[in-house]
Amino acid sequence: MDAKTYQQTVDQIAPKRPVLKNCMTAFLTGGIICGIGQIVSFVYMYFFPFTERTASNPTVSTMVFFAMVLTGLGVYKKIGQFGGAGSAVPVTGFGNAVISAAIEHKTEGFILGVGGNMFKLAGSVIVYGVFSAFVVALIKTILVQMGVISW
Amino acid sequence: MKSARTYQFTSKPSIVSTAVAVGPLEKQSPFHPHFDHVYEDERFGQDTNEKGHAHLIEETCKLAIMKGGFQTTDIDLFLGGDLVNQMTPTNFAARELATPFMGMFSACATSVSSLITASFFLESNQMERILFGSASQHNSVERQFRYPIEYGAQKPPTGQWTVTGAGYGILSHNQSDKPYVHSATIGQVIDCECTDPLDMGSAMAPAAFDTIQYHLSQNKGTAYDFVMTGDLGKTGLAILQELIRTSGVSSYLVDNYRDSGAEFYGNDDKFLSGASGSGCSASVYYGPIYAELLKKQWKKILLVATGALLSPLSFQQGESIPCIAHAVELTME
């Protein structure tokens, strides 16, 4: 069987990813998660001595905590199947990636299992997140030095 | 008797007993009345998924031996396999069973490749009883091939769900009241350059088609009640039917193509394209299908187990997914 003609058969018959529906559910899910994040942020600003700028750190931690609880209860994977990118892109998705790997590898012990595998999915987020932050900071520093923009 | 890839077994070895055990989720399966044991715990009371997997294999094998009225010491050889790295669940179960053992790996086609191999051993007349079959456990297989169980990745509609289940049988010399292995076709590895590990049905359909086409061409004039593939799922089965429709194989005396993966969880959309795993075909073939053969509801069927021969490493390195399908023809007189 010729692979090329076979791929055409597959394209005709295999169901496609429902891209439009996935976009809509991702928009909805991501929106709800960010809405909850905003509420958490307001709580830190109104009931605790945080400013809009400093509230972001405890907000992120709280959202990761929520993701941790939902992952442990087996709910986050269901949200993920519905929401797709909407639940993967916010920081809760990062939390889910870390925590699901930690739960998974607990049977191999805390050092080689949990410690060694916790960031096996989220590791690339950290690597490329830190690297892109460095590049952006470098560009901004150069532009400031040249007097194009100011801090 | 030999005809290139198809072999006919003149001694007509019979499957004298079988046993199937599954996990809690598999209770939903329309086949579940034919499962011998439905466990309530997906780890089977063990502290790791892999131990649970080994326990499932061990208990199902013991049940198959017991149902046949045998002891483990009566078993001349145990042929089996699973999908976990180095097949530790099967190896560890074989340690407990303490029978002569040879591990087999044909991915999800092990359910049939072990039966074919067992048939050859019996044909040589040097053995009396061979235990064969395969198993899979959802968590231990998914974590190896895909993401952590609790990771919220979105599966496409072509995705499949690995079955927690085990199906084992005992093959012995011909018994007139038991179904026997008439013939078998050994599959070739077929690669149609599919690369999506979340669409195994499309990758495996050409391998199933190749084996079915070859087997039917060697057995022209034989009427089959049905041909049942292993775990193509709804997507793969639809593609297989299209390949058959456009190729002329449909002129053979088969008009009923089924797939155990597509039927395993009924029409529940939650399972997307259906079930997969080496326990999928094994628990359907050696559970409900065997039971119906015993009742003489079916007389002649062709079982074609399909396997995707990929590893997480080969997929990450950009390799395509080579696939295989082995066929065995069972007859009940």
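Trainee: How far apart do the C-alpha centres of domain 1 and domain 2 of chain B lie?

Mentor: They lie 17 Å apart. Domain 1 of chain B covers 2-172, and domain 2 covers 180-331. These bounds come from an automatic or database domain assignment. This is a predicted model: local features need pLDDT of at least 70, side-chain atom pairs count only at pLDDT 80 or more, and totals for chains, interfaces and linings use all residues. Residues are numbered from 1 along each chain as its sequence is written, while chains are lettered from A and ligands numbered from 1 in the order in which they are written.

Trainee: What makes residues of domain 1 and domain 2 of chain B count as in contact, and how many are there?

Mentor: Two residues are in contact if their C-beta atoms, placed from the backbone, lie within 7 Å. By that test, 55 residues of domain 1 of chain B touch 58 residues of domain 2 of chain B. On the domain 1 side, α3(B) gives the most, with seven residues. Helices here are DSSP runs (H or I, at least four residues), numbered from the N terminus.

Trainee: How do you know where the largest nonpolar core lies?

Mentor: Both domain 1 (2-172) and domain 2 (180-331) of chain B give residues to this core, so it lies between them. The core has 106 residues. Helix α5 (residues 200-218) of chain B gives the most, with nine.

Trainee: Why is it called a nonpolar core?

Mentor: The name is used because its members are buried Ala, Val, Leu, Ile, Met, Phe, Trp, Tyr and Cys residues joined through C-beta atoms within 7 Å. L131(B) is among those with the most contacts inside it. Among the residues that L131(B) touches are I65(B), F78(B) and Y168(B).

Trainee: Which residues does the second, separate core include?

Mentor: That core of 14 residues includes M63(A), A67(A), L70(A) and F94(A).

Trainee: Is I32(A) buried or exposed?

Mentor: Neither. Buried needs 20 or more other C-beta atoms within 10 Å of the residue's own, exposed 12 or fewer, and partly exposed is in between. I32(A) has 15 such neighbours, so it counts as partly exposed. I32(A) sits in helix α2 (residues 19-47) of chain A.

Trainee: What makes up the side of chain A that touches chain B?

Mentor: By class, that side has 14 nonpolar, 11 polar and three charged residues. Nonpolar means Ala, Val, Leu, Ile, Met, Phe, Trp, Tyr, Cys and Pro; charged means Asp, Glu, Lys and Arg; the others, Gly among them, are polar. In total, 28 residues of chain A are in contact with 23 residues of chain B. The largest share of the chain A side, seven residues, comes from α6(A).

How values were computed. Helices (H or I, at least four residues) and strands (E, at least two) are DSSP runs, numbered from the N terminus. Lists of a residue's contacts leave out its neighbours within four places in sequence.
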